[in-house]
Amino acid sequence: MNVTNPATGMVLAEVPEDTPAAIAAKVEAARAAQPGWAQVPLEERIARLRRFRDGLVRRKEELARRLTSEVGKPIRQSWAELDAMPARIDFFLDNVGPVVEGETVHADRTKGLEERVAYEPLGVVANISAWNYPYFVGSNVFVPALLTGNAVLYKPSEFASLTGQAIADLMQESGIPPDVFAPVLGPGAVAAQLLTHPLDGVFFTGSHATGRKVAEAAGRGLMRMQLELGGKDPVYVCDDANLDHAAPSVAVGAFYNTGQSCCAVERVYVHERIHDAFVNAFLEDVRAFVVGDPMDEATFIGPVTRPAQVDVLEAQVEDARGKGARVRLGGRRRGGPGSYFEPTVLTDVDHRMELMREESFGPVIGIQKVKGDDEALALMNDTRYGLTAGVYSRDRDRAMRILSAVRSGSVYWNCCDRVSPRLPWSGRGHSGIGATLGLDGIRAFVQPKAWHLRSARA
Ligand code: TXE
């Protein structure tokens, strides 16, 4: 398959796709290698993943440039993704021990009885991944999976195959056996083929539409399944919000990574009392974002990674315009090489419009005026998604009251578009099933074994 640079449209490389025979061989090899890997002492597994972590630091510049050329992520943001990796991996290295450590839950010496719980790896799991943060969304799965003794068949997105291969090479250099962490390269059909094999788990990051197909395949194979899917994440700017903070914060939350984050701000509700002031400040911040060559350090907004998404964005803007929305900035694809879409801001939007219901996954945002907290809350919950939601207000209690009633896996007060390795990352509804990160994100890769021990003397 061709790997194309979205900023130029030029073919960067040709990557051989894995054939059904190659996939079957990798599954079989992983099945054979996994028990041995699970026997490697935890300290040694930790040491090898630490070597992987250090390799990411050492090779940051080269890896960042590869990521930027492959998915169009502005180079500063590629550096930022790699710079955040050590802390993310360290969380797993520092917290896996207590999670996998077994414990005695009951002992009765008089009866020579002991009851223990131990935690075992699932076995051989598939990690089917997305392209928008390949290091983040990949490591959320493959680091805790390997640390807990699983073998991983890693299927990077076809839009990030070169980065996926670089991750696999670095794993091998770090001492992770090639059959224990094996890349499976190709488009969706290759991933679907992988899921026809009897695996012990599938951990998917991607769109809701594909997530449904993965769920069906996992159901057929009775596999443990986790889905990290899309979002249509709202923020509500209250009339007491500090606009000098809220406007630039929401602007970055909506346009960082060219709007291609699962938890990007995709809907903005603003209290009518400060609506116009917020919109003017917001427009000024967005106009200041540099759109351009992602390799240029000054660039904040690059190309859209998947050329087909430009059509989706165009259609959402036309649908909204046709239903009465005002295009305050941008609104068109940018001419010339590469799949660029102008940073776009619309006001006078409502939920009749696709823009306010379907994931945009690009540099387009709608701002809706609301009368107050109740209307804002009702609109924030008027979605099938439920990944994150934010409230901007000087009043903590007011914000907590609203956020407690929002149906989403993560909530934000005076911030947005934020992920912490210490906190579980999960979705509601169409945003997914299960959690990565946090201690939950380690427990997801083990299963309990109950030991009923009775000494023969009893
Ligand atoms: O998804 P796709 P993309 C979401 C984000 C957006 C999407 C973008 O919100 O919706 O991901 O990523 C493989 N059976 N998140 O375009 O197209 C495909 O090859 C099995 C949410 O990559 O769904 C790729 O490897 N697999 C997230 C992977 O699925 C199939 C964080 C994803 O592809 C397949 C990041 C099939 N039939 C992005 N067809 C979060 N919530 O944390 C394709 N694939």
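Trainee: How many residues surround the ligand, and which are the closest?
Mentor: The ligand has 30 residues around it, the closest being Lys155, Glu158, Ser207, Leu229 and Glu359. A residue counts if one of its heavy atoms lies within 4 Å of the molecule. Mind that this is a predicted model: local features need pLDDT of at least 70, side-chain atom pairs count only at pLDDT 80 or more, and totals for chains, interfaces and linings use all residues. Side-chain values use heavy atoms, without hydrogens and water, and residues are numbered from 1 along each chain as its sequence is written.

Trainee: What makes the pair between threonine 210 and the ligand a polar contact?
Mentor: A polar side-chain atom of threonine 210 sits 2.8 Å from a ligand oxygen, and the cut-off is a pair of N or O atoms within 3.5 Å, so it qualifies. Arginine 306 also has a polar side-chain atom 2.8 Å from an oxygen of the ligand, and for a side-chain N or O atom of tryptophan 425 the value is 3.1 Å. Taken alone, the ligand exposes 850 Å², of which the protein buries 91% (Shrake-Rupley, 1.4 Å probe).

Trainee: Why is glutamine 226 called buried?
Mentor: Buried means under 20% relative accessible area, exposed over 50%, and partly exposed in between. Glutamine 226 has 10%, so it counts as buried. Glutamine 226 is in strand β9 (residues 224–228) and touches, among others, Val202, Phe203 and Ile433 (contact: heavy atoms within 4.5 Å).

Trainee: And asparagine 414: what makes it partly exposed?
Mentor: Its relative accessible area is 25%, so asparagine 414 is partly exposed. Asparagine 257, at 2%, counts as buried. Asparagine 257 is in the loop between α10 (243–255) and β11, while asparagine 414 is in the loop between β16 and β17 (425–426).

Trainee: Why does a positive phi get flagged?
Mentor: Because most residues other than glycine have a negative phi. Asparagine 257 has a positive phi of about 55° and is not a glycine; asparagine 414 likewise has a positive phi of about 55°.

Trainee: How do you know on which side of α14 the buried residues lie?
Mentor: Helix α14 (residues 396–404) has Arg398, Ala399, Ile402 and Leu403 as its buried residues. These cover an arc of only 125° around the axis, which puts them on the same side of α14; the arc is taken from the directions from the helix axis to the C-beta atoms. The face turned away carries the exposed Asp397, Arg401 and Ser404.

Key:
Polar contact = N/O pair within 3.5 Å; in protein donor to acceptor, adjacent residues only side chain to side chain. Buried < 20%, exposed > 50% of the residue type's maximum accessible area, 1.4 Å probe, protein only. Helix = DSSP H or I, 4+ residues; strand = E, 2+ residues; numbered from the N terminus. Lists of a residue's contacts leave out its neighbours within four places in sequence.
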